[in-house]
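Me: Please take a close look at the part of this structure built around its mixed sheet and the core associated with that part of the chain. A connected account of the strands, the core and the aromatic contacts would be welcome.

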Amino acid sequence: MTSFSTIYKLSLIAFTCFIQAEAHGSCPVLECWFMKEKVGGGLSGGPNQDKSLLYVHKHADSHRAESHDAPLEVNPDRLYFVTDPAATLCHRSLNPRRGSSNKPMCEINPLHPQPSTLELAVPLTEPALSPIYLHADWLSTALQSFDKTMSISAITRAPTGTKEHDVILTLTTKTVLVQSRLGAPVLLDCSFWANPSSPLTGTGFAVEWRYQFRGDGRLVLAYDGKSDRLSHTGEEGATLDFEALHGRGNASLILQEAKVHHSGIYICSVYLPYLQAQVAMELQVVEPPSLSIHPSPLPLTAQGQTINIQCEASGFAPLSLDLHWEFKGADGKTKVLGSGSLSSHRQLWDGTYTQSSRLELDTADLGRAGEVACVGVHPGGTRRVSVEINLIGFSSPSIEDSMAMVGVALVLYGLIKLVSWSFSGSGSDEAATQQKKNE
């Protein structure tokens, strides 16, 4: 009964949000979790979060906070009315169709603006800037679209004690997951919008790209927009489109040539005075294997003997690879022969990997002829290479083989007769000549 009641209440909230979104235009009513700040130390006994709703509009005049009634499951103190002039939070991927089970993910955290200690962003904080503007209620909201193709980080501000927020900074990526072939150019999307009405947007900005993979992290690129200076480039071939950065807030990272060590998590951070927003994305450099079989072609083998065949898979990344063997007989049927004896992985100079499989093939039950194939299943695609096998000494020759043997026998018989006639004719001629000489 409790489970049914919970499902009913959640459905009622979703339906109410949909009706309100329809009434308020194209901007959605976002269902979020408000993450409450922990007071003191120790482990929390349960989820320290509250359900909340964001009513988003493009224009402040559209908000009438007193006209909104909170659903029963939402605390009225967790209703927020957000004005987003750039309409970043109004994107269609944040507004799923009615009845859809896929919902955008949304998390809200309290924010306390403070000067950045990052060397790149320190010059953005001017001592003359009045801190009065900072004395307000600030929120940092992280969102991901229902189709998981877009992530947004938004920083909003409301006068103390109110729930009507203005978007001050948004950071967006539309490349949450990127797959690239080895050697191809890569674009990691990251764009930001800063509210021109805020006094924090007039003193410049800074952009930083960082890389993380299995606990390893490094700085890829850092740019000081205030002085128009690229302060650090830790990755060869990494750059920004500086004209697009200043003109449209496009801070996308460009990698001229994808390499194996580029695979990992990339974090794009944008700094304003006292504020920082960041989004993360994953790059997967995927290269399928190149397969070869040795020996090729296979030697002619008597049936019942064992053939040793080796398959070499090289130049692939990432490490995951399933190598196995198959045999396709003359009747068209395929038989899986297993993985054979696999070698360990070996890394090549360019970061790709190589692996081999050795197969001891027993020809006793294979039939007269067929095709042996090495198959490699990899995240970059399935690859296969094959070689024909022909056996001798098979007990039941086919009709074609029998006809061929009869033909060979007839040809040999004809040649023997021809040679015999030739010798018989030359012997008679020699005897006649000798007789004439005697006479």
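Reply: What follows describes the sheet, then the core, then the aromatic contacts, and ends with a second group of strands. The model is a predicted one.

The sheet is open and has 6 strands, in the order β8-β17-β16-β11-β12-β13, with mixed pairing. Its edges are formed by β8 (177–180) and β13 (229–233), each of which pairs on one side only. From one strand to the next, the twist averages 20°. Strands of a sheet pair through backbone hydrogen bonds, either parallel or antiparallel. At the β8 edge, the pairing with β17 is parallel and extends over 4 bridges. Within this pairing, Gln179 stands opposite Gln284 of β17.

Several of these strands also contribute to the largest nonpolar core, which comprises 39 residues. The members touching the most other members are Trp138, Leu188, Trp209, Leu253 and Tyr266. At least two core residues come from each of β7 (164–173), β9 (186–188), β11 (206–213), β12 (216–224), β15 (253–255), β16 (264–272) and β17 (275–285). The greatest contribution is that of β17, which gives 6 residues. Strand β17 therefore has two roles in this description: a place beside β8 and β16 in the order of the sheet, and the highest count of residues in the core.

The aromatic contacts come next. The structure holds 8 aromatic pairs. In one of them, the ring centres of Phe192 and Phe205 are 5.2 Å apart and the planes meet at 50°, so the pair is classed as tilted. This pair links distant parts of the chain, since Phe192 belongs to strand β10 (residues 191–194) and Phe205 to the loop between β10 and β11, 13 residues apart. Phe192 and Phe205 are both buried. Phe205 also pairs with Tyr223: here the centres are 6.5 Å apart and the planes are again at 50°, so this pair too is tilted. The second pair connects the loop between β10 and β11, where Phe205 lies, with strand β12, which holds Tyr223, across a separation of 18 residues.

Why do Phe205 and Tyr223 count as buried? The cut-off is a relative accessible area under 20%. Phe205 has a value of 11%, so Phe205 meets the criterion. Tyr223, at 1%, therefore counts as buried as well. Together with Phe192 and Phe242, Phe205 and Tyr223 form one aromatic cluster.

Rings also lie beneath charged groups. The charged end of Arg218 sits over the ring of Tyr211, at 4.0 Å from its centre. Elsewhere, Arg78 lies over the face of Phe34, 3.9 Å from the ring centre.

A second core lies apart from the largest one; it has 21 residues, among them Leu323, Trp325, Leu366 and Val372. Strand β26 (residues 369–378) is mostly covered, with 8 of its 10 residues buried. This strand runs antiparallel to β21 (residues 322–329), to which 8 bridges join it. Gly329 stands opposite Gly370 in β26. Strand β26 also pairs with β27 (residues 381–392), in the antiparallel sense and over 10 bridges. Val375 has Arg384 of β27 as its bridge partner, and a hairpin joins β26 to β27 through 2 residues.

Terms used
Residues are numbered from 1 along each chain as its sequence is written. This is a predicted model: local features need pLDDT of at least 70, side-chain atom pairs count only at pLDDT 80 or more; totals for chains, interfaces and linings use all residues. Side-chain values use heavy atoms; hydrogens and water are left out. A nonpolar core is a set of buried Ala, Val, Leu, Ile, Met, Phe, Trp, Tyr and Cys residues joined through side-chain atoms within 4.5 Å. Buried means under 20% relative accessible area, exposed over 50%, partly exposed in between (1.4 Å probe, protein chains only). Two strands pair if DSSP finds at least two bridges between them. Axes are lines fitted to C-alpha atoms, for helices over the stretch in contact, and angles run from 0 to 180 degrees between N-to-C directions. Rings of Phe, Tyr and Trp (its six-membered ring) pair if their centres lie within 6.5 Å; planes under 30 degrees apart count as stacked, over 60 as edge-to-face and the rest as tilted. A charge sits over a ring if NZ of Lys or CZ of Arg is within 6 Å of the ring centre and within 35 degrees of the ring normal.
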